[in-house]
Amino acid sequence: MRPTILVCDNEAPLRELVRATLDDGRFDIVEARDGEEALELIRRERPDVVVLDVMMPGKTGFDVLAEVRANAELAQPAVVMLTARAQLTDRHAAEDRGADRFLAKPFSPLALVQTVEELLEPRA
Amino acid sequence: VSRRSLRRPRLPRGERFGVTRTVVLIGLVSLLPLALLAYASSRLASDAVREETESRMVATATITSRLMAEELSGLAALVDSYANRPTLVAALGGDTREIGGATRIRYHLDELVNARPGIYTTFVARPDGTLIDIVPATPSIRGKNFSFRDWYRGVLATGGPYVSEAYETQAAGTPLVVAAAAPIRERRVAGQRGKLVGILVAGVSLDHIQGFTEDLAGAQDVKLKITDQRGFLVASSDATPTRLIDRRGDPRVAAALRGRSGVGVFDTTDGRRLSAYAPAPAIGWTVTASVPANAAFAAVSDLRSTVLLIASLVALVLCGGLILLHRALHARREADDEARRQATITQAVLDATVDGLRLVDPEGNTLVANTAMDAMGRDLLKLPSHGPISERILALADRTTDPEGYRAATTAVFADPDHEGRYDYEFADTGRCVHRYTRPVRDTEGGLIGRLFVLREVTAEREAERLKSDLVATVSHELRTPLASILGFAELLVERDPPPETRARYLQTIHGEARRLTTLINDFLDLQRMEEARFNLSIATFDLGELLREQVETYAGQSREHTIELHHSEEPLRVAGDRDRIAQVVANLLSNAIKYSPAGGRVEVAVRQEDRFATVSVKDDGIGIPRDQQGRIFEKFFRVDSSDTREIGGTGLGLALAREIVQAHGGELSFESAVGRGSKFSFTLPVGRQREGRLTSGPYVLVVEDDAVAASLMAEYLAEEGYDVETAATAEAALEIVAEEPPALVCLDMTLGGELDGWQMLARLKEDPATADVPVVVCTAGNGRKQAAALGAANFLTKPFSAARLRAALRGLIPYEGGRVLVVEDEEPVRRLVVETLATEELHVEEAADGEEALAAVGMRPPDAIVLDLMLPKLDGFSVLERLQAHEETRRIPVVVLTAKQLSAEERVLLRAHAVSLLEKNAYTARDLRELIRQALGRMSAPV
């Protein structure tokens, strides 16, 4: 079964970019346009990896991450924070909340592919 | 603070002399008893000395008189004892011519003359005074009668022994003498005195008495003078009298002759002398003892001078002390005054400080606090009003956002006297932030005076920092997001070389995101410039209706899902503004309306004119704006946050920019909205006659001319003259313009392209009361001067004409040809003077009494020149200049600064930077002012 990857970003071009980057047939890709949608999809689709934006209207990426990590019933996906907020403090905030990786926008799609592969490796 | 006010304040007269007066009073009060004491003591002492001296003199005089009396009485007694010798009596009782008798007498005389020293002669006289015999023998005088002598008369008068007055003997060369005489009597019978048979006399040389006197005088160290009972000098310790000297004129002698004794200071030929005088008992002589008064009272004057010296020394020391005291008091008062003055200055400086300052002593008592600190303590910190300062400060901990940190930082301050540090804290309840600085304060010797606290409220700064960092984060995010797409897709293109259709899609996205990024950057920079008022609008008159039509068409073309309706008549609606910017505003409102409306939504655009404003509204029936977000929609990067809007995108700057643009045009952008019912955004724009290119405010001239070349030529002429020119090719267009705003003058061609010709237009203008007064200059190639005048034309020009002729024709027709001058001056008389000076027929003068009024007047209609006072209420001249500089429309208005103020170098530089002309109030003439204004206005119109 192919690993499922959830992309959550309120910006359509970004979602499209992530999809284009990862959509090489190895992964199932689902998209969420905001935090609420992301939580719902995490519950329903049980993605293996979540690529999560931080600055979104409504629930931020950090909110989503915190809720996921706080909810033991959920299968815990690996989370890649993909954000324009690239300060060191943001990086620390992400780590504190249980993010596995942190990528700053703009990002290299190839680096994202590599990151996702690394996160999936132990399961493979 | 100016030097003047730092000078020492002059003390009031009363206070200045208070110290002196007090010290002088103390001096008087203490010197007076001192003087009295000195006087009394010297008086007492001198009285004692005088008494002592006087009593010594009295004693001397008395003793001398006694001794003298005893000596002479003793002599008289001796003579008396001889006179009682029976043999002598017998010798005289018998016949003295008997040999034996004479011999016997001689025997007694010889014996008597040797009985005592001093007796230098003895003789016997008969009871009638005839000399019987004398020793030493002097035969020449024997038998002579001496009854005239005092001794004779004395013996007869007293009947007993007698000491005579001094007298000169008749014998040549004999000295002055006194005689002691005694009667020689026969034996007494039955109680009867015996018969006088003779008189025995012993003569004593005055030399003898003199010697005796000198001895006494020497012993007593005084001068003695002795007189006989007549008052003739018999002896003097000075010198032996060589002849009889009458001393009765001497008051001392006179008094003693009268039997009195006494003492006193007398003026004598020898000067003032202390003298005692006394009568000698029994013999009736007088004795005067004297010493020089100054010698007698030498002790007194010595004593007095000693007392005086001591008193003077004491007085001197006292005065010195008082002077020192005075100085000390004065110095202290001055020091007090100085200290008070310094304290006042310090307090004033402290109170003028925005930061709160408090100095507390080591016990926690406030030594100094300024008003800012008082106010902070009351309003910001809400400090408890009692208790040690450390406790009061610590009590705030629970109200701060970080009680632990606050407590730790504050405890550290009080734990270490040398602690110096800064600490920032925020109140949880009010959200206000405070910056605290504290350090110990020591005196010059290093002794701890206390601790200084400086508080500054930094709420605004923190807020600004927060906003700034938020903005930076947001901008960063907004820039990175499209960049991420661009770079990401670019990388995919490079790395993966996708098939053509995928590549096209990638490129499309890259293009779209790059455009979005460009827009974002442009909008952001525009907004920044707008906010900083560095934005140049190119204002022109345009048809707002046309603009709306264009925009609506564009958006209708883009979004086929929405219905966009424009409610506007075809009539042109002329507004003044920057067309492109207004188009941007409309586009933004339209795109928002579409974005926030569901497919099939309906957007209505309407415009209406009210008074001098046109209002454009864009209404949608979309999702609306939640009430809690309505306050923020003009914030940068704010996007209405709702699950329906997550896809909407955009820069988040559109509304902020739109509002800035509208406000820069003098309008307002507002909205009404309700969730689910849609939003309506409206903005206003001033309607006006604002012509192409520039915002001159010269008189407005309408040129009605169908020949475009001629029209533009005239327009150019007139513009050069400083007129604001509008052209119309037809009478119809011209009348429309005139109806909108009547011009100051109309240049009217007679042959026009429209239905109406110039004559008809002229008639219309003159018929309409609103335009009847507008002067019309007929410009024609044809004839009709008389007809034109009859119809009310003001002047008639025959084509072709030169610029000079045109100018000449217009002169005098337009009021305020020279321009409008705004006089800004707060003092009524000065303003009147300036206005009178400028109020010629060429100039229209307006007035403003303060800076705000001036700016309001400028805002209404920018004048051609401003006469500006610098010292103005509300807003001073410098601020007015600054505001004028800040706006494109007012920047070039020439300003003549009129000031009485002494300008600092800095101010001069400032004024030079504003390129103003300067006139000093008390040094300019009316001509100077007119000249400057003329020059200033000259700048408005190019030289011909």
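Biologist: How do I read the packing of H1(A) and H5(A), and at what angle do they pack?

Modeller: Two packed helices are described by the angle between their axes and by the distance between those axes. In this predicted model, H1(A) and H5(A) pack at about 65 degrees, and their axes are 9 Å apart. Their crossing is right-handed.

Biologist: Okay, and which residues make that contact?

Modeller: From H1(A) you have A:Leu17, A:Val18, A:Thr21 and A:Leu22. From H5(A), look for A:Pro109, A:Leu112, A:Val113 and A:Val116. By class, that contact splits into 7 nonpolar residues, 1 polar and no charged.

Biologist: Let's hop over to chain B. How are H16(B) and H18(B) arranged, and what is the angle there?

Modeller: Same recipe: an angle between axes plus a distance between axes. Helix H16 of chain B covers residues 579-595, and helix H18 of chain B covers residues 654-664. They pack at about 145 degrees with axes 9 Å apart. Is the crossing left-handed or right-handed, you may wonder? For H16(B) and H18(B), it's left-handed.

Biologist: Which residues should I click on to see H16(B) meet H18(B)?

Modeller: On the H16(B) side, pick B:Arg581, B:Gln584, B:Val585, B:Asn588, B:Leu589 and B:Asn592. They meet B:Gly654, B:Leu655, B:Leu657, B:Ala658, B:Ile661 and B:Val662 in H18(B). Sorted by class, that contact has 7 nonpolar, 4 polar and 1 charged residues.

Biologist: Now for the two chains together. How much area is buried between chain A and chain B?

Modeller: The size of an interface is often given as the accessible area lost when the parts come together. Here, about 2300 Å² is buried between chain A and chain B, and carbon and sulfur atoms give 56% of that. You can also count residues: 26 of chain A are in contact with 23 of chain B.

Biologist: How many salt bridges and polar contacts cross the interface of chain A and chain B?

Modeller: The rule finds 2 salt bridges across the interface. One to look up joins the side chains of A:Glu11 and B:Arg516, at 2.8 Å from N to O. There are also 7 residue pairs in polar contact, counting pairs with both residues at pLDDT 80 or more.

Biologist: Which elements of chain A give two or more residues to the side that touches chain B?

Modeller: Two helices we've already met: H1 (12-22) and H5 (109-120) of chain A. H1(A) gives the most, with 8 residues. By class, the side of chain A that touches chain B has 14 nonpolar, 4 polar and 8 charged residues.

Methods: Residues are numbered from 1 along each chain as its sequence is written. Chains are lettered from A and ligands numbered from 1 in the order in which they are written. This is a predicted model: local features need pLDDT of at least 70, side-chain atom pairs count only at pLDDT 80 or more; totals for chains, interfaces and linings use all residues. Side-chain values use heavy atoms; hydrogens and water are left out. Axes are lines fitted to C-alpha atoms, for helices over the stretch in contact, and angles run from 0 to 180 degrees between N-to-C directions. Helices (H or I, at least four residues) and strands (E, at least two) are DSSP runs, numbered from the N terminus. A crossing is left-handed if the near helix is turned anticlockwise from the far one by less than a right angle, and right-handed if clockwise. Contact means heavy atoms within 4.5 Å. Ala, Val, Leu, Ile, Met, Phe, Trp, Tyr, Cys and Pro count as nonpolar, Asp, Glu, Lys and Arg as charged, and the others, Gly among them, as polar. Buried area is the accessible area (1.4 Å probe) that two parts lose on being put together, summed over both. A salt bridge is a side-chain nitrogen of Lys or Arg within 4 Å of a carboxyl oxygen of Asp or Glu. A polar contact is a pair of N or O atoms within 3.5 Å; within protein, one must be able to donate a hydrogen and the other to accept it, and residues adjacent in sequence count only if both atoms are side-chain atoms.
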